[in-house]
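Here are some exercises to work through with the model open in your viewer. Try each task before reading its solution.

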Amino acid sequence: MKFSLGFSPCPNDTFIFYALVNKKIDTGDFEFDVALEDVQTLNQWAIEEKLDITKLSYGVLPLVLDKYTVLNSGSALGEGVGPLLISNVRFEGAVEDVLIAIPGKHTTAHLLFSLAYPNATKKIFLKYDEIENFVLENKGLGVIIHENRFTYAEKGLNKIADLGEYWEQKMNVPIPLGGIVIRKDIDLPVQQKIDALIKKSIDYAFSKYPELNDYIRLHAQEMSEAVMRKHIDLYVNNYSINLGEKGKHAIKELLKVYENTSGSQGRIPADIFLEQ
């Protein structure tokens, strides 16, 4: 039985899926046709229902809940892991007056930025790895995610706001960044088996950590090993192994924020998460 599977080349995702896609664990009758793409592409593909199983931003989840179910394993949630708003020089003006580069329209980063700065409407949507250069070229401010959290200061860039910190203080729940979803029309027992395999893959990865395998290095876009480990340490945690009630509650709170800001109250279905 073959399924299409999409995730990003970032170290947290390659760490999670390494054992699964390279058959370091027994996957039984399951085969996976893997696509590694940036999260903005994966979000768009989820809207198009292109893949059977995919990583996505929780910011796009409200748009695909009629097609996909959230798995219990593979998510990125946590404290102190949110996107940052940065500038090239010390910024003392109004954020609302400046062009802001954001890593994708349907991303959690965009949702968190909109929550913190509801009146900031001058936006441009770029791939996450293009935003530092946008800011360095004095084109405006930028919202950064992933490994750029660890590299922006080395380039002389300045933090204006920690959007994740704003979320945590306002909502009092962890930040739901990204998760793994599976098509609703796949049989429930199969969904549950795939969910269990992702958990096994994470358990395998942690059993070898802090060793970094060649699969992670291959896709890490010239990151140093120190940055790769920081990336994994920040984004892969107990919520990745199993969302649990606290993780699910955080995701529901994010969906409520989406409803309140988009005027789509009452459109979020009850069956968001995979039955265990």
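Which residue follows helix 2, and is its phi positive or negative? Helix 2 is followed by Glu 49, and the phi of Glu 49 is positive, near 55°.

A word on the ground rules: this is a predicted model, where local features need pLDDT of at least 70, side-chain atom pairs count only at pLDDT 80 or more, and totals for chains, interfaces and linings use all residues. Residues are numbered from 1 along each chain as its sequence is written, and side-chain values use heavy atoms, with hydrogens and water left out.

**Exercise 1. Work out how helix 2 sits against its surroundings.**

Step 1: find the helix. Helix 2 spans residues 39-47 (helices are DSSP runs of H or I with at least four residues, strands are E runs of at least two, both numbered from the N terminus).

Step 2: list what's buried (under 20% relative accessible area with a 1.4 Å probe, protein chains only; over 50% is exposed, and in between is partly exposed). In helix 2 you should get Val 39, Leu 42, Asn 43, Trp 45 and Ala 46.

Step 3: look down the axis. The buried residues of helix 2 fall within an arc of 165°, so they line one face of the helix (the arc is taken over directions from the helix axis to the C-beta atoms).

Step 4: see what covers them. The cover includes strand 1 (2-7), strand 2 (31-36), strand 3 (53-57) and strand 4 (68-70) (contact means heavy atoms within 4.5 Å).

Step 5: check the start of the helix. There, a side-chain oxygen of Asp 38 comes within 3.1 Å of the backbone nitrogen of Gln 40.

**Exercise 2. Describe how helix 3 and helix 6 pack.**

Step 1: pick the descriptors. Two packed helices are described by the angle between their axes and the distance between the axes.

Step 2: get the values. The axes of helix 3 and helix 6 (residues 163-171) come within 9 Å and cross at roughly 65° (axes are lines fitted to C-alpha atoms over the stretch in contact, with angles from 0 to 180 degrees between N-to-C directions).

Step 3: name the residues. Helix 3 brings Ala 109, Leu 112, Phe 113, Leu 115 and Ala 116, and these meet Leu 163, Tyr 166, Trp 167 and Lys 170 of helix 6.

**Exercise 3. Place Ala 120 and find its partners.**

Step 1: Ala 120 belongs to the loop between helix 3 (108-116) and strand 8 (123-125).

Step 2: with a relative accessible area of 3%, Ala 120 is buried.

Step 3: skip residues up to four places away in sequence, and Ala 120 touches Val 95, Glu 96 and Phe 113. Val 95 is 25 residues from Ala 120 along the chain, yet their C-alpha atoms are 6.6 Å apart.

**Exercise 4. Compare Asn 138 with His 146.**

Step 1: check phi. Asn 138 has a positive phi near 60°, and His 146 has a positive phi near 55°; neither Asn 138 nor His 146 is a glycine.

Step 2: locate them. Asn 138 is in the loop between helix 4 (131-136) and strand 9 (141-144), while His 146 is in the loop between strand 9 and helix 5 (148-151).

Step 3: check accessibility. Asn 138 is exposed at 56%, whereas His 146 counts as buried at 15%.

Step 4: follow one contact of His 146. His 231, in helix 9 (residues 225-235), is in contact with His 146, and also with residues including Cys 10 and Phe 150. His 231 is itself buried, at 0% relative accessible area.

Definitions and conventions. A polar contact is a pair of N or O atoms within 3.5 Å; within protein, one must be able to donate a hydrogen and the other to accept it, and residues adjacent in sequence count only if both atoms are side-chain atoms.
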